[in-house]
Amino acid sequence: MRRPRLLLASLLLAAGCRGGTRCCPPALPSSAAPAAAASVVVAPAEPASMPSTVVDAASGVSETVLANGLRILVKPQPDNPMVTTMIWYAVGSRDEGVGETGLSHYLEHMLFKGTETLPPGAIDRLTQKNGGQNNASTRPDATEYHFTFPADRWEVALEIEADRMRNANCPQGEFDSEKTVVLNELYIGLDDPMNVLLETVESAAFPVARYHHPVIGWEEDVVSTTRERMLAYYRKHYHPERATMVIVGGVDRERAVARASELLGRIPRGDTVRFEMKEPAPRGETRLTLVQDTQVARLVLAFRSTSILDPKEPHLDVVSAVLSGDKTARLDKALVDTGLAASVQAWSDTRRDDGIFTIVVQPAPGHDLDELERATKEVLAGLVATGPTADELTLAKKKILASQVFSQASSSGYASRLGSLAVVGDWKYVLRYPAVIEATTVEDAKAAAARVFDPSKAVVGRSLPKPGAAAGGGSATADDEDDGDDEARADKGARRARRRDGGAAAPAGGAAATIDRALTLAPTRVVLENGLRVVVLHRSTAPVFHARLSVLDGRLREAVPGLDALTGACLEEGTTERSGEAVAAAIGAVGGELSVAPSSVTVKTMSADAPVGLSILAEVATKPAFEQDAFLRRRERQLVELAEELDTPRVVAQLRFQAAVYGEGHPMGRSALGTEASVKAIERAQVVAHHRTVWTPSNAVLTVVSDLEPADVVARVRAALAGWSGEAPAALTPVELPPLHAERVDVALDRAQTNLFVGHRGIVRTDPDFVALEVTDNVLGTGSGFTDRLSKTVRDKAGLAYSVYGNVTGNAGSIPGTFRMYAGTKPSDAARALAMMKEQLSLLLGSAPPTPEEMEGAKAALRGGMIASCETSEGLLGLLFLCERFGLGFDYPRRYLAAVEGVSADEVVRVARKHLHPEALVEVVVGPEKAADAAPAK
């Protein structure tokens, strides 16, 4: 059931979350009053006697089953400053009948639209005022709703869930506006050729049963569904015996169980029997070919597998790890390392009824899909014939078991794992899973492969570029707020909780002390003799060693566009001491993870294996081999990645926006991947020279978070990296930036959506107005949930966009970032959406300063975001780097909270007028020509 981090946009669409850039925010009041007959009010029953709670001694997870059938799972994490609540309902797209496709997902959106006691927008405001995040997702088997709050303010989530389990009213006006939003979400998927290919293949794999249709539904069903049909569906499926409430983080177990029982135990059980239907066995191979507006050909092989309830289901995760994931995997070695493919990914997705095992391959230039299909089937046949080797099996087990520990580091990760399994089968699968993986034999894996990989029953899907296809056929998979800037990504760790809204704070208990400890950064900082800055933070929350070596300004120093990205990519191709496969095998042998980015190398291992992780990090970063064959393969792969960018309308719009703001000659004015011509011209010697210039100790920062003693870590760092040498890079010569100016850029693309970017050059991270501008951003365009003005007007009130945002601090770094507002909308709505975005900017600068409620909510959201950044080692690595890079000091979290609290509404208006310039906006419109014509430049 594990899915890789592949194709982020496609998988988000498959999950059906309710938001765009910030994942899925909700609604604002509608002028239409709900019909009185629409509400379902549950009369309070007599409180049930407290049920018994059973605690699993090994995991610390407790289970409580209430008299009405609701299951409550609680996992206290005493040192966690955050708490996640997730309620999982056993209803998803598989439960939809004829004409109902997409109803589960549409209803998920509507459950944020309020109840008789919570008017539209109230859920988001409550979340924001308590510094939290909220969201939801719909899956084939289940729908989940989640909140993550600081540990002193989480109980409001239970109050909300108790109310909307039976009392949602789906006001007609909100229903109508949200239908447009859902359709915009659907159109994003239709503009993504990979998403369309995967959906088409899955429909072919399940021709009869209810995994046949996509989670978001068929467009015709979404258009024709009614509020009455939705309410009937809601009343049928949303009952306590169909739900599991999961609470994880810095909570007291007894308090959590008591409060959940009090609020949710009064709701009567329902009597709906869940629909059951098994897909008939496939009768033969299915082949399909799509000719799409895409730059990249793609091959998908899909095989029906098994239910997640099958005791042997974990064996498929072993098979997946043997086939794909790193340079030790069979498909990677057979296809990517030989130069046949630019990329390959394989994953097992098991569900309640049936599963599907999917392999996606993209050819390298000069190779076709026939070659890839033959080669892929040969690898599968070999695995079926002999099974994995003993070494392959050991590596797969190590990686899977370590990933289980890593994925449960956050309250949300742990809660998701528990809830997703509880709602389709048994949450105790989490407890059994490691033992099943550990006990898997070569014969077990071989048998699992043989059961699944029957080529005579495969679904083979192909996507071919349409002759003369235009660019821009996909949806963005890159982070819209950082443009690939490592500095901006690090800073987002401190601001990531900008999502949704609370009532009264829960009794603090020990939560205040837990939060205080989390915000206290007291790392050990040393500078080695070679100039390397080392920052080591001790955290005892998990036995994990997490380290990142970051170098500065690589993209700004590249002599050729795309050189920095290519240099970084080549780092994982091998060192002067080991091949890339040998490096992957070494980190895999301890269950570790190694990731390489243009400006960083990151390792994560269990603490006992820290010496291995640190030595591999040092070797990869400082001793790359840059062998010619590997260099050529990576160069070809980068050309494919460039073509994929042209498949992405949002990225096309973003790149044209950057070019207009920075100028095409500036490194930030073009793709980080370069251009086709520039990449084709790069030679190995240039990569070697760029690495020698940028990857030097005096230009680097090593950040470490672990439960090991800092002195011991520093000693190991000295042993691994004290011998690293290199001259400090020359001072950067600033590239002149164009003056602020108004400009209109229209790009005609025949797509389902129009993508809009509006803005201008922004600020550097050290700007003294940064914190006040973060408050400004929260008011204007990046507030928690849909509390900001752009979301409330463009998305919720007008229903013009699934994804809309605006900010000036999101990608501020050592050079000015950008102020930008974005919306993806129907072509016919483009002119109106653009006008509304500009109107909201003008109102903020003029007649509509922030209200007291907006200021209170923005400050609470930023407080929650800072606390959330201190929850995991990943967030802490980013925060430590931010403090070191910009000289903020390691007491920054506390000073930041004080600074946020001190921002006034007058200050927000002052800094907005200083830094935001409506008379100098660059407007980029990417979509059908008629949309561009609808909103001419002024």
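This report walks through two sheets, two helix pairs, an enclosed helix and a few individual residues in a predicted model.

**The seven-stranded sheet and its surroundings**

Let's start with the sheet whose strands run in the order 1-2-3-7-4-6-5. This is an open sheet of seven strands, and its pairing is mixed. Strand 1 (53–55) and strand 5 (133–138) are its edge strands, each paired on one side only. Going from one strand to the next, the twist averages 15°.

At the strand 5 end, the partner is strand 6 (residues 143–150); these two run antiparallel and are joined by six bridges. If you want a spot to check the register, look at A136, which stands opposite Y145 in strand 6.

A helix also lies across this sheet. Helix 14 (residues 411–424) covers strand 3 (71–76), strand 4 (82–89), strand 6 and strand 7 (243–249). Relative to strand 4, helix 14 runs at about 20°.

**An enclosed helix next door**

How many of the eight residues of helix 3 (residues 122–129) are buried? Six of them are, so helix 3 is largely enclosed by the rest of the structure. The buried residues are A122, I123, D124, L126, T127 and Q128. Their cover includes strand 5 and strand 6, along with helix 4 and helix 31 (852–869). Right after helix 3 comes G131, with a positive phi near 70°.

**V91, a loop residue with plenty of company**

V91 sits in the loop between strand 4 and helix 2 (103–110). Its relative accessibility is 1%, which means V91 counts as buried. Setting aside neighbours within four places in sequence, V91 touches S104, D141, A142, T143, Y233, H237, Y238, R242 and R274. Of these contacts, T143 belongs to the stretch 143–150 that makes up strand 6. H237 is worth a look too: V91 and H237 are 146 residues apart in sequence, yet their C-alpha atoms are 6.6 Å apart in space.

**Two helix pairs**

Now for a couple of helix packings, set side by side here.

| Helix pair | Angle | Axis separation | Crossing |
|---|---|---|---|
| Helix 10 (residues 314–323) and helix 15 (residues 429–439) | about 55° | 9 Å | right-handed |
| Helix 12 (residues 369–386) and helix 16 (residues 442–452) | about 130° | 7 Å | left-handed |

Take helix 10 and helix 15, which pack at an angle of about 55°. That angle makes helix 10 oblique to helix 15. On the helix 10 side, the contact is made by P314, H315, D317 and V318, and on the helix 15 side by Y429, Y433, V436 and I437. Sorted by class, the residues of this contact come out as six nonpolar, one polar and one charged.

Helix 12 and helix 16 pack at about 130°, and that makes helix 12 oblique to helix 16. Here L383, V384, A385 and T386 of helix 12 meet V442, K446, A449 and A450 of helix 16. The class breakdown for helix 12 with helix 16 is six nonpolar, one polar and one charged.

**The five-stranded sheet**

Further along the chain there's another open sheet, with five strands in the order 19-23-20-22-21 and mixed pairing. Strand 19 (743–748) and strand 21 (801–807) are at the edges with a single partner strand each, so one side of each is left without a neighbour in the sheet. On average, neighbouring strands here are turned by 10° against each other, direction ignored.

Inside this sheet, strand 20 (residues 754–761) and strand 22 (residues 818–825) pair in the antiparallel sense over eight bridges. One bridge to look up is that of N755, whose partner in strand 22 is G824.

**Two backbone oddities**

Most residues other than glycine have a negative phi. Which way do C170 and D553 go, positive or negative? C170 has a positive phi of about 45°, and D553 has a positive phi of about 65°; neither is a glycine.

C170 is in the loop between helix 4 (156–164) and helix 5 (172–190). With 0% relative accessibility, C170 counts as buried. D553 lies in the loop between strand 15 (544–551) and helix 19 (554–557). D553 has 17% relative accessibility and also counts as buried, because the cut-off is under 20%.

Key:
Residues numbered from 1 in each chain as written. Predicted model: local features only at pLDDT ≥ 70, side-chain atom pairs only at ≥ 80, totals over all residues. Heavy atoms only, no water. Axes fitted to C-alpha atoms, helices over the stretch in contact; angles between N-to-C directions. Helix = DSSP H or I, 4+ residues; strand = E, 2+ residues; numbered from the N terminus. Parallel < 35°, antiparallel > 145°, perpendicular 65-115°, else oblique. Left-handed = near helix turned anticlockwise from the far one by under 90°. Contact = heavy atoms within 4.5 Å. Nonpolar A, V, L, I, M, F, W, Y, C, P; charged D, E, K, R; others polar. Pairing = 2+ DSSP bridges. Buried < 20%, exposed > 50% of the residue type's maximum accessible area, 1.4 Å probe, protein only.
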